[in-house]
Structures are given as C-alpha cells and as structure tokens.
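Reader: Please take a close look at a single part of this model, the packing of two helices, and then place that part in its wider setting.

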Amino acid sequence: MADKSEAERGEDPKVAISPSIPSGNDTVWADVSPLLRLACNDLRSDELISGENFNLFAAMSALEIMDPKMDSGIVSTYYSVDEAIDSGAAPIPLNFDRTVDIQRIIDIMDHLLACEATWHKGGSLAQTVFSCIYLLRPERTSSHALLHSFCRVIRTTCSAVVSVVSDARTNEEEDLFTMAYGLPLKADGDDKCLSMLHAVEETISRQLKACKAPLSKRKVLEDVEPLQTNLDLEEGFCKAVLCRLRFRKHFYHVLTCMRRPQGKGLELAKKHIISCLSELDSMLKSAEFLRQHCACGTLEDGAEDKTTASGCQPIGFDSTLNSRSAAPTPPRSIKLLSWTKAVHYFQKLLHDLDTICSYSLDPVFEGALRFVVDFQKFQPDLVARAYIQLLLVQEGKLYGREPMFAVICRAALLPEGAKNHDVQKNETVGQLGQLLISLLRVLCTNTAWQRRKLGKILQDWRIIYVQLELAFRKEFGDITSTSTDQDLCLKICKHILIWVEEQTYWIALRFLVLGFELELYSTSEYCMVYWYIYVILIKLAEKTHLKMMLSNDSSRRKSKKKRDSVKDVGKDYQIPPAVLLLQCYIYVAEGLMMMLASLRNENKIFLCLGPFNSEQERFIQHFELLQKACLPDHASYFLFRETTAHARFSTLPEYNCFKDAQRIAKELRGNFANDPDRMAELRRIEQVAEHNCIALNLLCRLGTLEPSLKISFEFIHHPHFAVAAVKRS
Amino acid sequence: MEVEDKGKAEFEASEIEYVSYGGEHHLPLIMKLVDQELSEPYSIFTYRYFVYLWPHLSFLAFHKGKCVGTVVCKMGDHRHTFRGYIAMLVVLNPYRGRGIATELVSRSIKVMMESGCEEVTLEAEVTNKGALALYGRLGFIRAKRLFRYYLNGVDAFRLKLLFPRPEPNYSGSRGHESQGLDDGKYSELT
C-alpha cells in the first residue's frame with residue numbers, strides 16, 4: 001500500500017511497484033489504495049457494498065489482507081527461497097565444526113521423517129516435506145554428499161508415493177495429498193539416488209568399522225577419515241546416520257517392489273519391510289545418544305513433542321515459504337507429528353504393507369472381498385490403501401492377471417469352460433466387469449467415503465441386473481448354434497443373475513454395518529438398523545444358497561450322467577457352511593432386534609422421540625438409498641413396526657435366537673478349522689450370542705420389575721453386533 | 001457443550017432472555033462469543049452473510065444484560081430441497097448444561113419449519129459429544145461421516161433432521177440426492 005501522505009496528495013496512482021506478474025498490453029498495475037480510502041469515507045457503519053458480482057456470499061470468501069489467518073501471501077519471515085538462503089537459513093555445510101554438522105544433518109533427517117508422516121496423515125506436501133529449503137534447491141547440496149544423497153532419496157520417495165496415490169485414485173477426499181505444483185519433486189539425477197545413497201552408506205560403514213577396530217588394527221584403516229571430529233562420539237554418530245540412511249534405502253525398495261505388476265515383487269518387498277522395521281528400531285535406540293550429545297545445548301521439557309530425536313529444532317526449514325508459491329497451502333499452519341509419533345506411523349504403515357504382501361492373491365473373488373474388508377479393520381492410512389487397490393486392480397484385471405469375466409464366472413460358481421464363452425463380448429456383461437472393478441476400488445477408500453459410495457452404487461447394481469436380464473434374453477434368442485452351446489449360455493445367464501443379486505445384497509450389508517464402525521447410529525436407532533440388517537441378511541443367505549444349489553445341481557447332474565448313479569440327491573443334502581454362517585448372523589441380528597424391541601415396548605427406553613419429527617423420518621433418512629434401490633422389495637417402516645411392535649419379554653424365551661446362533665457357530669467350527677480368520681469371527685459371534693443370551697434371560701426375569709436397571713449396548717466382542725450390558729444403577 | 005464445569009454460573013432458567021437478531025449492534029456480541037468458543041476463525045463477512053440474509057434465523061441469549069449464547073443459521077434451495085442449515089451454535093461454558101443451546105436452536109428450527117424447510121442440516125465434530133447428544137434429542141440423525149473435515153484433522157458428522165411431510169409417506173420416492181455441495185471440502189462453517 002502507498003503511504004498515507006502520498007495518497008492524500010492525490011498523486012498518480014501508477015506508483016512504482018515491482019509486481020511478480022508483469023503488466024501486459026492491455027493491463028497495467030495500479031495502486032487502488034487512494035480510491036478505496038475515498039470509498040471508505042463514503043460508507044457509514046452498517047453499510048455494505050453490493051454489486052452484481054459481489055453479493056454477501058461472495059463477500060464471505062473475501063480475504064482480509066494482512067490477517068495472518070487468511071492472507072496466505074503475507075510475508076512471515078522471507079519473501080522467497082532465495083532470500084532465505086541469502087539470509088543464511090540453510091547453510092552448506094551446516095556448520096564448519098564437523099561434529100555439529102553431523103548433529104544438524106541428523107536433526108534434518110528426523111524432522112523430514114516427522115514431515116513425511118504428517119504429509120501421509122493429511123498435511124500438504126508444500127507445508128511439510130517441502131518446507132525443507134535444502135530440498136527446494138536440489139543443486140545447492142551437491143557439495144555435501146551425505147545431505148545431497150539424503151535429499152535425493154527423500155524427493156524420489158515422495159515422488160513414488162505421489163504416483164502410487166494418484167494412480168490408485170483412492171484419495172477422493174484426500175486430494176491435498178498429491179498436489180505438488182511447483183515443487184521440485186523430480187530433480188535431475190534423482191533417479192540415481194540409490195547408488196549415491198549406497199556410496200555414502202559404504203563410506204560411513206567403513207568409518208564405523210574404523211572407529212570400532214582395536215588400536216592395533218587402526219593403522220591399516222588409517223586412511224579412513226572419520227565422520228566427524230570428536231572420536232569419542234564417532235561410533236554413536238556413525239550408527240545414528242547409518243540406520244537413517246538404511247531405512248530410506250529399504251523403504252524406497254519396499255515402495256518400488258510393491259509396484260511390480262501382478263504382485264511379483266511382494267516377496268522381496270516383505271524382506272525390505274523387515275529391514276525397514278529393524279532400522280526404525282535402531283533409530284529409536286539412537287535417540288538416547290542423540291539427546292545426550294545434542295548441539296543445541298540445554299533442552300526444554302516436552303521431548304515427546306519434538307520433531308527430532310535429539311530434541312533440537314532443526315535448521316533449514318520454513319513452512320511458510322511455499323505459501324507464496326504455486327503449491328496450494330491453506331494459510332493456517334499445521335501441527336507436525338512428533339518424531340516418535342512419526343516413527344510409530346511408519347511402523348504401522350509397514351505392518352499394513354506387510355499384510356498386503358502376505359496376501360495369497362486368492363483367485364476367488366469372495367476371498368479378495370474378505371481380504372480387503374479385513375484389511376480395513378486395521379484402519380490403514382491413505383498410502384497403504386493405495387497399494388492394496390493397485391494390487392487388486394491392475395489393467396482392468398484382478399491382480400493384473402484375472403480377466404473380470406473369468407472372475408465373475410468363478411464367483412458365480414460356473415464351470416471353468418464358461419470363462420471363454422462369447423457372452424463376455426456383450427456390452428452389458430462388460431459393464432458388469434466395470435462395476436466390479438469400481439466396487440473393489442471403493443472398498444479400498446477410507447470407510448467414511450466408502451460407505452457413501454457404496455450407498456450410491458447400490459442403484460447401479462440394481463440397474464445392471466435388469467439390463468443383464470434383457471441382454472441375456474436377447475443373447476439367448478440369437479443363439480442358433482448347437483443345443484449344448486445353448487445350454488451353457490443359459491446356465492451362464494442364470495448363474496450370473498443370481499450372483500449379481502447376491503453381490504448387491506452383500507454391498508447393502510456392508511453399507512449397513514459400516515454405519516456401526518463410523519458411529520452413525522444412536523442406541524435408539526439400533527432396533528431399526530438390526531431389523532434392516534436382518535431382512536438384508538435373509539435375502540443374502542437366500543441368494544447365496546440358491547447360487548450354490550444351482551451349481552451343485554448341475555455338477556450332480558453331470559456326475560449322475562457319468563456314473564449313471566441312481567442315488568437320491570435329496571437325502572444327503574446339507575446346507576453349505578457359507579449359508580449357515582449367514583444364518584448364524586441372521587439369528588444374532590434377529591435376537592438383538594427383538595431384545596431392543598421388547599425394551600422399547602415394555603421399558604419405554606431407546607425410543608426415538610423428538611419435538612420436530614418421528615421415528616419414521618429417522619428410518620427414511622437412514623435407509624433412503626436402500627429403499628430407493630428396492631433392497632429388499634417391500635421393506636418399509638410399516639413392516640419394521642409390524643415386526644417389532646408386539647415384542648415382549650414374556651414371549652422371547654420361547655424362541656431364543658441367541659441360542660440358535662450359538663449352536664450354529666459351534667457346529668461350524670469344524671468347517672472352518674483351517675481358516676484362522678473365520679475361526680476368530682466364529683468365536684466373536686459365539687461370544688456375542690452367549691452374552692446376549694445371559695442378558696436376555698436376566699431381562700426376562702427382572703426387566704420391567706426393576707426400573708433401576710441400566711441397560712446399554714456395547715461393541716466389545718464384535719464391531720457390528722452389540723452386546724447388552726445390564727447393570728443396577 | 002461439555003456437561004459440568006467448575007466455574008458454573010448460578011441462575012434461574014427464567015432469567016435467560018432470548019431475542020431474535022436485532023441489528024448491527026448484536027454483531028460484535030455474536031462475533032465475540034463465536035471467536036471465543038469455536039475453533040474455526042470466521043471473518044466479519046461470514047457473520048454478515050448469515051445475519052443480514054436470515055436475521056430471523058439468528059437468536060441471542062442474554063443473562064442480566066450479558067450475551068451468553070447465540071445461534072446463527074441460514075436456509076435455501078439445495079439440490080431441489082429447501083433446507084435449513086445451522087452454521088454456529090455457542091453457549092458460554094459456565095452457562096452450559098441448562099438447556100440454553102437447546103432453546104436457541106429449537107427457536108431457529110421452528111422458524112425454518114414454518115418457512116417451509118424440508119430438512120435441517122449441520123456439521124459437528126465427532127468428538128463433540130455434547131452437541132451430538134443435543135441434536136440427537138431433537139431428532140437429528142448422523143447421516144454421514146466426513147473424513148478429516150476440519151483443518152485440525154478431526155472427522156465431522158453431517159447431522160440431518162427431516163421434517164414430517166404433510167402428505168402420507170410413500171418411501172423410496174425421494175427424487176433428490178441428499179449430499180451437500182460442500183461435501184468433502186474444508187468448510188469454514190461450524
């Protein structure tokens with residue numbers, strides 16, 4: 001702004017300012033301060049300027065210049081990176097005393113780790129990792145091999161992570177993550193970062209060896225120049241630097257191995273993960289040494305908040321520098337994770353990646369679904385989720401190798417030969433494959449976003465069912481060839497249609513149960529939610545069973561033909577374990593629904609009462625998307641009321657669902673003996689059933705008699721099925 | 001809206017006076033309260049946007065002349081639905097737990113209902129148990145969870161209150177999408 005006297009004198013408003021954007025042919029920079037000041041004088045308090053393009057809503061996005069909370073262009077310390085460098089904010093070497101130099105470099109390494117973790121956790125790249133001035137000017141560090149190689153591997157790693165996340169596109173809501181305009185993410189020569197890092201690592205391991213060697217042997221190693229000048233501290237510093245360098249090396253390997261097509265690098269990645277974890281342990285161990293010999297003198301309290309192991313403030317960082325560059329940065333400063341928390345973040349990330357690497361690439365679609373659902377239980381962060389997605393879907397194929405039609409055929413329990421059938425060329429069948437891919441992708445997103453997406457794609461799955469029916473009818477009508485081909489085609493159509501229905505109910509179920517994980521339901525809504533889960537589960541079990549019977553039917557017919565057997569197939573028929581497991585869930589959901597309904601009817605608790613609306617409005621809102629997709633047909637609030645309105649504790653024990661659930665869970669143990677995850681799930685369900693059985697008995701005996709009983713529902717055994725806790729208040 | 005606090009004010013519920021937004025002289029009172037109690041900073045333009053366009057939806061609570069609580073709202077068309085939105089609700093800490101917030105927000109909701117709104121929405125931090133309980137009692141459901149909605153990294157719930165429809169309900173007929181325009185974006189509100 002021009003100073004006041006100048007403005008008052010009413011001089012030429014074209015003051016000499018040096019704008020970063022030059023004036024053009026038709027444009028010229030002008031200082032509008034005097035004009036604004038005059039306009040201000042005309043305005044009284046309570047008056048607002050409004051215009052065609054400037055209404056109150058537009059005013060809301062106005063920036064208050066020079067308000068540090070809003071004005072991201074406000075200069076806090078330096079105008080530019082160059083100015084920061086000229087002012088000595090990032091010296092090279094960091095200190096002429098080589099011991100201090102090493103200490104400061106370790107601080108930079110640690111602070112960068114904190115920055116990187118904060119970035120992964122949702123910070124912007126510009127405000128975290130690239131707040132490092134050394135990273136921003138790649139050519140400057142070349143005289144300092146250690147710093148230079150470290151900066152290179154950091155940039156390369158960030159670039160690899162950005163590419164994984166942007167390729168996976170799992171980051172719909174985390175789009176800040178990949179924004180890197182104007183940041184030197186790829187500097188010349190960064191591709192050679194590993195060989196540089198390796199050379200530096202070699203040198204330092206020789207230095208470590210030299211300082212550890214007994215005096216007699218030192219002569220031989222005399223030509224090895226130590227890392228720094230204080231020989232008493234040489235071993236400690238060498239070790240501290242080495243584990244940090246090695247962590248970077250192995251971490252970079254993990255990232256690249258995991259990107260090999262068709263999961264071919266997973267075995268190797270696992271080895272690097274082990275190395276990474278061990279180097280992280282060494283880093284944690286080095287913290288004590290670094291704190292004792294820190295360069296910044298006395299330490300303040302609160303080392304747990306520090307972004308470095310030593311506890312010192314690192315030099316060469318300014319998180320406000322990029323706010324004036326192209327990279328988008330919210331004007332507010334962000335709080336970096338502490339160094340310790342950053343190490344823990346990377347440990348968690350590596351464990352998540354290890355889970356991905358340990359996956360068997362189950363060719364059965366249901367297995368892949370279960371894997372990704374189980375994986376989400378660890379609450380993986382964005383980077384791990386991007387990797388699982390890239391593993392599952394590559395080049396439009398499952399794991400990059402199974403064409404979607406083959407996956408669908410297997411999931412629909414069709415014989416092997418079906419996957420080569422011409423029906424896959426049908427456009428609608430191709431669309432079904434696309435739906436399946438997007439389902440897999442959605443399942444890899446964060447659960448909050450995932451639930452919203454699942455709710456929306458339900459409609460697509462309903463529509464594709466109808467379209468497939470039409471397409472198959474047409475396809476079937478066109479077939480003029482042999483009757484065996486006609487037979488197979490009919491079979492494919494039947495199987496796929498049932499499987500589509502089954503899959504749709506599976507999505508609906510996932511949509512409903514995620515509501516528990518995201519804490520979207522209040523206790524007073526549990527009754528209707530379990531009712532809905534109950535009706536969806538019944539349909540799911542029905543479709544699964546139908547699919548299995550259909551496949552058994554045809555394989556039996558085949559074997560019958562072959563062996564010409566006359567054995568009655570009806571007699572030895574058993575309900576498949578997968579269906580029994582669903583039956584078990586049905587019982588638990590039904591039990592919870594009826595228990596909650598009885599509590600509402602008799603104890604008048606957990607009711608949905610409010611001054612402005614009724615329970616019906618809550619029902620409509622919660623299940624709007626399911627209702628819109630007619631999942632299932634005829635499910636309505638009135639049906640829910642009808643089912644639950646007459647539940648009483650006096651009638652519940654006659655038909656104890658929890659007991660049935662327990663019985664089935666026990667029976668199923670034998671079927672899932674070699675599947676530890678399923679066994680664990682059975683145990684959880686059994687615990688839920690058992691506890692609720694006891695609670696139900698107690699309520700039936702005392703329920704209405706003792707109004708002092710406090711009843712709550714907790715998710716202590718299972719994330720989706722609550723356990724009633726009855727306490728005397 | 002945490003429950004108990006050492007510095008609780010002593011007062012009778014009848015001593016609290018509720019007034020509708022009355023003009024620019026109320027603005028500093030609202031701004032002071034909100035700046036003091038809410039994490040997100042707002043510019044004066046944000047306040048003016050709300051209180052100038054929907055003065056009848058904003059209320060203040062006074063105790064012996066001192067402003068101890070306020071609610072700021074708006075309403076308008078949102079994807080073919082006429083919808084109310086609660087932007088800010090604040091009660092001074094010593095005055096919490098006595099129903100002032102409920103009274104303030106109920107007054108706004110009533111006006112919205114009478115003005116023909118079909119629903120009311122707002123966002124609340126998932127950690128704000130007090131607010132969640134308050135809105136739950138009023139009939140709001142947690143419609144969705146918004147991942148890292150606030151700049152401090154905390155998730156939010158989108159809360160929604162659907163008003164009963166005058167005509168008999170037939171479910172499955174709602175033709176609109178119920179997602180906010182500002183979904184997934186860092187909002188300056190609430």
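Author: The account below begins with the helix pair and then turns to the domains, a loop residue and the second chain. This is a predicted model, in which local features need pLDDT of at least 70, side-chain atom pairs count only at pLDDT 80 or more, and totals for chains, interfaces and linings use all residues. Residues are numbered from 1 along each chain as its sequence is written, and chains are lettered from A and ligands numbered from 1 in the order in which they are written.

Two packed helices are described by the angle between their axes and the distance between the axes. Helix H5 (residues 98-120) of chain A packs against helix H10 (residues 234-257) of chain A at an angle of about 30°, and their axes are 11 Å apart. Helices here are DSSP runs (H or I, at least four residues), strands are runs of E (at least two), and both are numbered from the N terminus. Axes are lines fitted to C-alpha atoms, for helices over the stretch in contact, and angles run from 0 to 180 degrees between N-to-C directions. H5(A) and H10(A) are therefore roughly parallel to each other, a label given to angles under 35 degrees.

At the residue level, H5(A) contributes Ile102(A), Ile106(A) and Met109(A), which meet Phe237(A), Ala240(A), Val241(A) and Arg244(A) of H10(A). Residues are in contact if their C-beta atoms, placed from the backbone, lie within 7 Å. By class, this contact of H5(A) with H10(A) has six nonpolar residues, no polar residues and one charged residue. Ala, Val, Leu, Ile, Met, Phe, Trp, Tyr, Cys and Pro count as nonpolar, Asp, Glu, Lys and Arg as charged, and the others, Gly among them, as polar.

Chain A is divided into domain 1 (4-60), domain 2 (81-354), domain 3 (395-520) and domain 4 (522-555 + 574-729), with bounds from an automatic or database domain assignment. The C-alpha centres of domain 2 and domain 3 of chain A lie 46 Å apart.

Arg137(A) is found in the loop between helix H6 (133-136) and helix H7 (145-168) of chain A. Beyond its neighbours within four places in sequence, Arg137(A) is in contact with Val81(A) and Ile85(A).

Chain A also touches chain B, through 40 residues from chain A and 39 residues from chain B. On the chain A side, the largest share, nine residues, comes from H21(A). Chain B itself has four helices and seven strands.

Terms used. Contact = placed C-beta atoms within 7 Å. Parallel < 35°, antiparallel > 145°, perpendicular 65-115°, else oblique.
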